[in-house]
Amino acid sequence: MDFLPENISQFTEEHTQKESEVLYELNRQTHLKMTLPRMLSGHLQGRVLSMLSKIHQPKKVLEIGTFTGYAALCMAEGLAEGGKVLTLDKNEELESMVQEYINKAGYQDKIEFRVGNAMEIIRELDNDWDMIFIDADKENYLNYYKLVVDKVRSGGLILADNVLWSGKVTEDYDSLDEETRVLVDYCKYTHEDDRVDNVLFPIRDGLMVSRKK
């Protein structure tokens with residue numbers, strides 16, 4: 001995921017607003033306790049998610065893939081009054097850590113963490129979502145998108161993390177593994193979907209932003 005020269009990355013981080021103390025602690029604890037801490041959105045991408053949320057001021061945010069809750073906390077920073085983030089993850093072992101940091105941030109009324117199969121839960125959700133962040137199992141990215149795109153209101157955002165997949169998406173398609181192929185397919189599908197405008201930001205591991213027309 002290190003696409004930029006180290007000095008450019010360092011300068012970028014140094015000139016981006018600092019994360020809160022709670023986010024800094026969660027970042028650190030994730031790296032200490034989790035086997036795959038790189039799954040965390042981290043400082044720069046977290047500030048991007050926070051900025052998009054503050055600009056958009058969503059009322060209803062859906063996150064597919066919670067991990068330790070860093071991104072959910074970031075997106076909650078920009079919620080409209082009375083807004084809420086619903087974040088989904090299949091790993092019930094994460095629940096205590098996620099809830100601990102929701103509480104530390106004082107977001108008990110702003111973030112709901114739900115354990116379960118995201119594909120099943122999404123089908124039962126209402127429409128008119130303002131912002132959706134996809135950051136779960138890569139092989140289902142297209143399935144998630146197809147499930148949510150008609151549930152997003154006009155002007156709403158669909159964000160997808162890891163779409164550059166450490167640069168593997170640029171390799172020969174026929175030689176790619178399943179996860180990477182799905183990410184290529186996701187980028188192609190959203191790029192050609194006339195229901196949305198899209199831009200792919202080369203931030204961290206790639207962030208696709210699609211805006212519902």
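**Tyrosine rings and a pocket**

Q: Is Y145 buried or exposed?
A: In this predicted model, the relative accessible area of Y145 is 0%. Buried means under 20%, so Y145 counts as buried.

Q: At what angle do the planes of Y145 and Y186 lie, and what kind of pair does that make?
A: There are 3 aromatic pairs by the rule used here. In the pair of Y145 and Y186, the ring centres are 5.6 Å apart and the planes lie at 85°. An angle over 60 degrees counts as edge-to-face, so the planes at 85° make this pair edge-to-face.

Q: How many residues apart are Y145 and Y189 along the chain?
A: Let's start with the rings: the centres of Y145 and Y189 are 5.8 Å apart, with planes at 80°, so this pair is edge-to-face too. Y145 belongs to helix α7 and Y189 to helix α8, so the pair links distant parts of the chain. The separation in residues is 44.

Q: How does Y189 count, with 31% relative accessibility?
A: Buried needs under 20% and exposed needs over 50%. Y189 has 31%, which lies between these cut-offs, so Y189 counts as partly exposed.

Q: Which residues form one aromatic cluster?
A: We have already met Y145, Y186 and Y189, and they belong to one cluster. Y141 belongs to it as well. The full cluster is Y141, Y145, Y186 and Y189.

Q: Which elements give two or more residues to the lining of the largest pocket?
A: This pocket holds about 700 Å³ of space. Its lining has 31 residues, with M39, D89, D135, A136 and D137 closest to the centre. The elements giving two or more residues are β2 (84–89) and α6 (118–124).

Note on methods. Residues are numbered from 1 along each chain as its sequence is written. This is a predicted model: local features need pLDDT of at least 70, side-chain atom pairs count only at pLDDT 80 or more; totals for chains, interfaces and linings use all residues. Side-chain values use heavy atoms; hydrogens and water are left out. On a 1 Å grid over the protein atoms alone, a cavity is a set of points where a 1.4 Å probe fits but cannot get out, and a pocket is an open set with protein on both sides within 12 Å along at least five of seven lines; lining residues have an atom within 4 Å of a point. Grid points are joined across faces, edges and corners, and a volume is the space filled by probe spheres set on the points. Helices (H or I, at least four residues) and strands (E, at least two) are DSSP runs, numbered from the N terminus. Rings of Phe, Tyr and Trp (its six-membered ring) pair if their centres lie within 6.5 Å; planes under 30 degrees apart count as stacked, over 60 as edge-to-face and the rest as tilted. Buried means under 20% relative accessible area, exposed over 50%, partly exposed in between (1.4 Å probe, protein chains only).
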